[in-house]
Amino acid sequence: MGAALPPFELPDELPLLPLREFVVFPAMVIPLFIGRDRSLAALEDALAGDRMLCLVAQRDPDVEAPGPDDLHRVGTVAMVMRTLRLADGRVKVLVQGIARTEVRSYVEHEPAPWVRVRPFAEPPEPEWSVECEAMVRALRGRVEELLPLKNLPPEVISVTANVREPGRLADLVASNLRLRLADAQEVLETADPIARLRRVDSCIRRELDVTAVQAEIQTQAKEEMSRSQRESFLREQLRAIQSELGESDSRSDESDDYRVKIEEAAMPDEAHAEAMRQLRRLERMHPDGPEAQVVRGYLDWLVELPWNKTSPDVLDLARAREILDADHAHLAGIKDRILEFLGVRKLRGDSRGPILCFTGPPGVGKTSLGRSIARAMGREFIRVSLGGMRDEAEVRGHRRTYVGALPGRIVQGMKHAGTNNPVFMLDEIDKLGSDFRGDPSSALLEVLDPEQNSRFSDHYLNVPFDLSKVFFVATANVLDAVPGPLRDRMEVIRLSGYTLEEKVEIARSFLVPRQMEECGLPRERIRWSNGVLHDIVAGYTREAGVRGLERQIASVCRKAARRAAEGDDARIVLSPARLPAYLGPTLYLDDERPTRGEIGVVNGLAWTEAGGEVLRLEAAMTQGRGLVLTGQLGDVMRESGEAALTYARQRVAEMGIDEKLLSRHDVHVHVPAGAIPKDGPSAGITIATAIVSLATRIPVRADLAMTGEVTLRGRVLPVGGVREKALAALRSGITRIVLPRRNMQDLADIPRELRRKVSFVPVTHMDEVLEAALEEQPPRHAAATHGAPPLSV
């Protein structure tokens with residue numbers, strides 16, 4: 001602000017006070033802080049004299065000791081009004097500008113700088129004119145516009161309203177505008193009052209334009225600034241305020257932790273957007289509210305899922321083969337399939353994971369094979385048991401509206417795996433159920449479909465998750481219970497039961513070493529011979545797999561461990577004669593097969609989940625009419641019996657036997673093991689042979705077994721489970737098997753050394769079956785085709 005100028009006489013020489021970043025105008029009152037030694041000395045000289053200083057602005061404010069060339073030639077003579085010494089050694093001085101002055105020269109004076117000055121030549125204030133009044137009023141109006149934008153003191157308006165001289169008004173406005181140093185110095189050096197007023201008016205117009213553009217830019221920046229950037233800016237300010245107050249915000253720390261975890265999880269855009277949306281909801285909630293706990297749980301699941309974490313595949317096929325051979329004996333077809341996938345993966349890195357289904361009896365190594373696949377490929381292994389699962393939410397997850405909601409078993413398994421490409425085993429897929437809560441097998445259609453599982457939708461996550469890199473392996477005992485659409489999405493690989501020789505090899509190579517280690521016994525503690533292992537397999541187990549065999553071996557090892565714990569260090573040498581001492585009496589005795597054939601008694605072959613079985617089917621005739629079938633038979637097997645009886649009646653009539661023989665008597669067919677349910681069409685030729693044998697009184701060969709479906713015309717149709725049935729016949733000492741001709745291609749699944757021990761008789765019609773099975777040849781039907789001779793394979 002300005003004040004009335006006191007009358008004075010300008011001395012020829014004055015102490016010099018250089019100014020760094022501003023200009024002092026006449027009538028301007030301003031405080032100065034003086035800290036430089038030479039400036040303090042100049043102040044002391046002024047106070048010792050007439051209290052006047054020459055204030056001159058520096059050209060470069062960074063110069064610490066300015067010389068004559070570093071200072072402007074026009075300055076201001078100022079009067080020192082008050083001084084105050086500060087604790088840091090500086091002096092606060094209140095000065096008032098008196099008049100412009102021109103520096104003529106510099107005087108060598110120590111320690112303070114002095115200058116020779118002369119009055120600045122400026123014309124007198126002009127007389128009143130319309131132009132001058134218009135410029136004064138325009139300047140006052142612009143000052144009023146600039147007042148709220150530049151935070152100028154409101155007293156400026158009242159002071160400028162009372163000043164009518166153009167030159168003085170220009171100095172007063174310029175002293176309050178905080179002009180740039182160059183502009184302020186130019187105003188100070190302008191002598192003509194009207195020109196000075198125009199110059200100040202130009203500066204004000206420029207300030208107004210700059211301020212308007214700046215406000216527009218700020219408005220645009222606020223509109224363009226994203227919500228996250230504004231929140232980040234405000235959050236930083238809040239953190240700074242809390243730091244100054246010595247407070248900490250645990251909610252802010254929690255939000256920051258989640259924000260860092262979300263960025264580190266490398267989620268897809270859709271999941272990232274949902275995570276940030278839930279995080280913003282959490283920040284607005286009360287930290288102890290129930291909804292906040294739900295959101296925290298959801299965010300924890302999102303940040304812990306392996307969205308972009310992939311374990312590298314081990315693509316060394318030779319090493320993978322060694323691992324598979326070390327973990328499992330035989331199973332060559334499955335091992336080749338795994339090596340094929342690794343070969344494709346090696347040639348094309350972005351190939352999708354296969355979806356395999358291992359089906360076979362219990363204990364044949366389906367689950368452990370999945371674990372070996374993971375080890376061979378260098379991947380994580382996750383197993384989920386589907387047995388008894390009835391709720392669709394177990395697969396797809398619960399919606400978050402429910403209390404205690406969780407993701408489905410698929411997403412939970414992916415979290416535990418920690419990578420997005422594990423070997424994922426869906427165990428017991430044939431044991432899935434369904435009820436009013438949904439059908440889990442239908443939910444699995446999306447999981448096991450390569451065209452859909454890249455965007456698997458879990459109800460809890462509500463964002464897609466990529467399952468296309470997962471190596472899915474399902475297991476089942478039978479495929480009949482698996483829905484067709486689900487079975488169609490999987491590549492089925494069948495694991496049949498092991499032969500006796502294979503079980504002995506598995507026991508010697510895998511089961512015995514593992515159980516010895518489990519019981520803490522050294523390898524040399526027990527001597528296992530092949531004969532002992534053979535007797536354990538044959539006399540104490542009846543299964544397709546090796547679980548029961550391992551339990552029997554474990555029983556022997558536990559008894560040996562007990563003896564060792566009691567102090568008996570003697571080596572145990574097992575022999576077939578000593579087995580009952582460790583395992584008790586033999587559990588399974590071989591049926592005493594008759595050496596001679598019997599009338600109405602036929603060896604049939606059946607398939608069960610535990611492998612193949614030999615059933616001695618018996619038939620008898622009594623007074624009555626019709627067919628009686630016993631042995632807990634299913635509908636399909638009963639219908640096969642009806643078809644076999646109809647065929648037998650026709651065939652007996654063609655043999656010249658009274659056709660009423662089978663019509664006037666009850667034909668009773670019994671299948672042993674009546675406590676076990678049985679079903680299927682493969683006993684058709686067995687029942688027909690037994691009935692024909694009964695009618696013709698011709699015995700059936702005792703060393704022969706058969707399987708096949710029969711039609712009313714006597715045609716023999718193919719059946720399943722040939723490998724298991726053939727192995728069962730071999731275990732029972734049967735060396736001749738009657739088989740549908742179209743099943744001969746299935747013999748490739750039987751080990752070559754076992755095929756040499758059995759003669760297979762391929763048949764297409766019941767006449768060929770009777771020719772091979774009956775000890776005496778019945779009269780042939782005229783239209784029957786001659787059977788082929790036995791085929792040794």
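# A tour of helix packing and loop residues

H18 crosses H19 with right-handed geometry. That is the opening stop in this predicted model.

**Stop 1: H18 and H19**

Select residues 500-518 for H18 and 530-540 for H19. The two helices pack at an angle of about 115°, their axes 9 Å apart. At that angle, H18 counts as roughly perpendicular to H19. Now show side chains. On H18, pick Leu500, Lys503, Val504, Ala507, Arg508 and Val512. They meet Asn530, Leu533, His534, Val537 and Ala538 of H19. Colour this contact by residue class: 7 are nonpolar, 2 polar and 2 charged.

**Stop 2: H20**

Move to residues 547-565, helix H20. H20 has 19 residues and spans 26 Å from first C-alpha to last, close to the 27 Å expected at 1.5 Å a residue. Which residues of H20 are buried? Select Gly548, Leu549, Glu550, Gln552, Ile553, Ala554, Ser555, Val556, Cys557, Ala560 and Ala561. Next, bring up what covers them. The cover includes helices H18, H19 and H21 (579-583), along with strands E14 (526-527) and E15 (572-573). Then step just past the end of H20. Gly567 has a positive phi there, about 105°.

**Stop 3: H13**

Select residues 366-377 for helix H13. H13 has 12 residues and reaches 17 Å between its end C-alphas, close to the 16 Å expected at 1.5 Å a residue. Buried residues make up 9 of the 12, so H13 is largely enclosed by the rest of the structure. Highlight Lys366, Thr367, Leu369, Gly370, Ser372, Ile373, Ala374, Ala376 and Met377 to see the buried set.

What covers the buried residues of H13? Two helices are among the elements to show: H11 (317-327) and H12 (332-347). Add strands E7 (355-359), E8 (381-385), E9 (423-427) and E12 (471-476), which are also included in the cover. After H13 comes Gly378, with a positive phi near 75°.

**Stop 4: H11 against H13**

Keep H13 and isolate H11. Their packing angle is about 155°, and the axes lie 9 Å apart. H11 and H13 are therefore roughly antiparallel to each other. Their crossing is right-handed. From H11, select Arg319, Ala320, Ile323, Leu324 and Asp327; from H13, select Ser372, Ile373, Arg375 and Ala376. These residues make the contact. By class, they split into 5 nonpolar, 1 polar and 3 charged. Two of the H13 residues to click again are Ser372 and Ile373: both take part in this contact, and both are buried.

**Stop 5: Glu428**

Stay with E9 and follow the chain into the loop between E9 and helix H16 (440-447), where Glu428 is found. What is the phi of Glu428? Its value is positive, about 60°, although Glu428 is not a glycine. Most residues other than glycine have a negative phi. Glu428 has a relative accessible area of 23%, so it is partly exposed.

**Stop 6: H22 and H23**

Select H22 (residues 635-654) and H23 (684-696). They pack at an angle of about 40°, with axes 8 Å apart. This makes H22 oblique to H23. The crossing is right-handed. Show Met637, Ser640, Gly641, Ala644, Leu645, Tyr647, Ala648 and Val652 on H22. Opposite them, show Gly684, Ile687, Ala688, Ile691, Val692 and Ala695 on H23. Of the residues in this contact, 11 are nonpolar, 3 polar and none charged.

**Stop 7: Arg697**

Continue into the loop between H23 and strand E20 (704-706), and centre on Arg697. Arg697 also has a positive phi, about 60°, although it is not a glycine. Is Arg697 buried or exposed? With a relative accessibility of 51%, Arg697 counts as exposed.

**Stop 8: H26**

Jump to residues 766-773, helix H26. Here 7 of the 8 residues are buried, so H26 is largely enclosed by the rest of the structure. Select Met766, Asp767, Glu768, Val769, Leu770, Ala772 and Ala773 for the buried set.

**Last stop: Ala212**

Go back along the chain to helix H6 (residues 193-224) and pick Ala212. Ala212 has 47% relative accessibility, so it counts as partly exposed. Finish with a distance between C-alpha atoms. Click Ala212, then Arg38, 174 residues apart along the chain. Their C-alpha atoms are separated by 43 Å.

Notes
Residues numbered from 1 in each chain as written. Predicted model: local features only at pLDDT ≥ 70, side-chain atom pairs only at ≥ 80, totals over all residues. Heavy atoms only, no water. Helix = DSSP H or I, 4+ residues; strand = E, 2+ residues; numbered from the N terminus. Expected span 1.5 Å × (residues − 1). Buried < 20%, exposed > 50% of the residue type's maximum accessible area, 1.4 Å probe, protein only. Contact = heavy atoms within 4.5 Å. Axes fitted to C-alpha atoms, helices over the stretch in contact; angles between N-to-C directions. Parallel < 35°, antiparallel > 145°, perpendicular 65-115°, else oblique. Left-handed = near helix turned anticlockwise from the far one by under 90°. Nonpolar A, V, L, I, M, F, W, Y, C, P; charged D, E, K, R; others polar.
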